[in-house]
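Biologist: I'd like to learn how to read a ligand site. Could you walk me through one?

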Amino acid sequence: MQRPLSFYALWGSQRQASTSRRLLEALRLISPDGVSIEICDLIGNLPIFNPDHEGDRTPSVVDAFAAKIRNADGLIVSCPEYAHGIPGGFKNALDWLVSRDEVPFRPLMFAHASHRGDLVLEQLTEVLQTMSLRIVPEAFLRVPLAGKSDEAQAALLAEMQENGALRASLNRFAQAIRGSI
Ligand SMILES: Cc1cc2nc3c(=O)[nH]c(=O)nc-3n(C[C@H](O)[C@H](O)[C@H](O)COP(=O)(O)O)c2cc1C
């Protein structure tokens with residue numbers, strides 16, 4: 001039997017009706033056997049990063065966030081583009097992780113919820129590779145939910161679920177991780 005894998009899913013928006021969050025929830029609901037997904041709800045509670053508050057002075061919410069990452073076999077990132085870049089809150093969360101040992105070599109897949117936003121993908125790739133995360137390109141998933149009505153989003157997600165595209169990405173991610181353990 002294959003070892004169960006747990007993924008921690010980070011989203012880069014704080015919006016209640018976030019399409020990034022919705023895509024992660026759809027992935028969580030269709031996770032293949034042996035794969036579980038927890039969606040992060042801590043990013044909005046992180047204080048603004050300050051290197052003076054690392055080490056012994058690290059805020060407890062940052063430690064809790066880092067512990068979730070340490071315990072995950074892989075990360076899923078769903079992040080919108082804001083003004084051709086990374087939303088500030090999400091970059092802040094990444095900044096807290098830069099000098100810590102949880103992220104290097106941790107596998108990561110993108111689940112992108114927009115037909116646009118290629119600049120944020122480029123910038124995230126640069127930042128995450130600088131932090132030594134291992135991006136798994138074959139698991140990349142794009143589901144263009146942004147700008148669609150609630151009903152149209154639901155219909156597209158149902159279609160992607162039925163044609164197996166959502167699960168296929170997760171399976172490719174899981175295979176890449178299991179192949180390297
Ligand atoms: C402040 C702001 C700036 C944005 N800038 C861009 C942009 O530069 N490029 C783009 O493709 N979309 C841009 N958008 C659109 C968002 O990427 C889009 O609304 C996306 O659905 C937001 O993600 P969410 O649904 O997870 O909140 C912007 C939205 C906001 C609120």
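Modeller: We'll go through the ligand site, then the aromatic pairs. This is a predicted model, where local features need pLDDT of at least 70, side-chain atom pairs count only at pLDDT 80 or more, and totals for chains, interfaces and linings use all residues. Residues are numbered from 1 along each chain as its sequence is written, and side-chain values use heavy atoms, leaving out hydrogens and water.

Biologist: Which side chains make polar contacts with the ligand?

Modeller: A polar contact is a pair of N or O atoms within 3.5 Å. Here, a side-chain N or O atom of Ser13 is 2.7 Å from a ligand oxygen. Arg15 also puts a polar side-chain atom 2.7 Å from a ligand oxygen, and for Arg116 that distance is 3.2 Å. The protein covers 68% of the 630 Å² of accessible area (Shrake-Rupley, 1.4 Å probe) that the ligand has on its own.

Biologist: How many aromatic pairs are there?

Modeller: Rings of Phe, Tyr and Trp (its six-membered ring) pair if their centres lie within 6.5 Å; planes under 30 degrees apart are stacked, over 60 edge-to-face, the rest tilted. The whole structure has 2 such pairs. One of them, Phe7 with Phe173, is tilted, at 4.8 Å centre to centre and 50° between the planes. Phe7 is in strand E1 (residues 5-11) and Phe173 in helix H6 (residues 165-178), so this pair ties together parts 166 residues apart in sequence. Helices (at least four residues) and strands (at least two) are DSSP runs, numbered from the N terminus.

Notes
Polar contact = N/O pair within 3.5 Å; in protein donor to acceptor, adjacent residues only side chain to side chain.
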